[in-house]
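Colleague: Please take a close look at one loop in this model. Start with its setting in the chain, then go residue by residue.

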Amino acid sequence: MNEKQRQKRNFRNSKKWKKFKADKRKECKGIDAITLKPLRKGWNLHHEDLNEGHYNILNDNFLPCNNLTHKMIHWLWTYWRNDKGIIDRLKNEMEKMEKINKQE
Ligand SMILES: [Zn+2]
């Protein structure tokens, strides 16, 4: 763990962060912003600002979401940032699966 990561971890253990996270949960009424399903144990605030040095700037650039949603956002980001077509291909795959599985 490098110094920045250590500072971030310590900040995330602070009262200031815990209150911020609790306030954000109230703000979104406990709903995952992407799936629109209730936040579950282990939910997190996705930080949309990826600049490592901005970990302690508490503003509107945080998205409450469940663990898997969070992982999916970061996974998708790694591809989407260079290839916007990934969304269309995912949509096509979902539509194909819908068609295949309607026939049951
Ligand atoms: Zn994140």
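Modeller: Here is the setting, followed by the loop itself. The model is predicted.

The protein chain has four helices and two strands. Read from the N terminus, the order is α-α-β-β-α-α. The radius of gyration is 17 Å, well over the 13 Å from the globule rule for 104 residues, so the chain is more spread out than a compact globule. The C-alpha trace spans about 55 × 30 × 25 Å along its principal axes. Buried residues account for 6% of the 104 residues. Take the contacts between residues at least 6 apart in sequence: 49% of them join residues at least 24 apart.

Now the loop. It runs between α2 (15–27) and β1 (44–47). Two of its residues deserve attention for their backbone angles.

K29 sits in this loop. Its phi is positive, about 55 degrees, although K29 is not a glycine. Is K29 buried or exposed? K29 counts as exposed, because it has 9 C-beta neighbours inside 10 Å, and the cut-off for exposed is 12 or fewer.

L36 also belongs to the loop between α2 and β1. Phi of L36 is positive too, near 60 degrees, and L36 is a residue other than glycine. For L36, 7 other C-beta atoms lie within 10 Å, so L36 is exposed as well.

To put the loop together: K29 has a positive phi and is exposed. L36 has a positive phi and is exposed.

Note on methods
Residues are numbered from 1 along each chain as its sequence is written. This is a predicted model: local features need pLDDT of at least 70, side-chain atom pairs count only at pLDDT 80 or more; totals for chains, interfaces and linings use all residues. The radius of gyration is taken over C-alpha atoms; the globule rule is 2.2 Å times the number of residues to the power 0.38. A residue is buried if 20 or more other C-beta atoms lie within 10 Å of its own, exposed if 12 or fewer, and partly exposed in between; C-beta atoms are placed from the backbone. Two residues are in contact if their C-beta atoms, placed from the backbone, lie within 7 Å.
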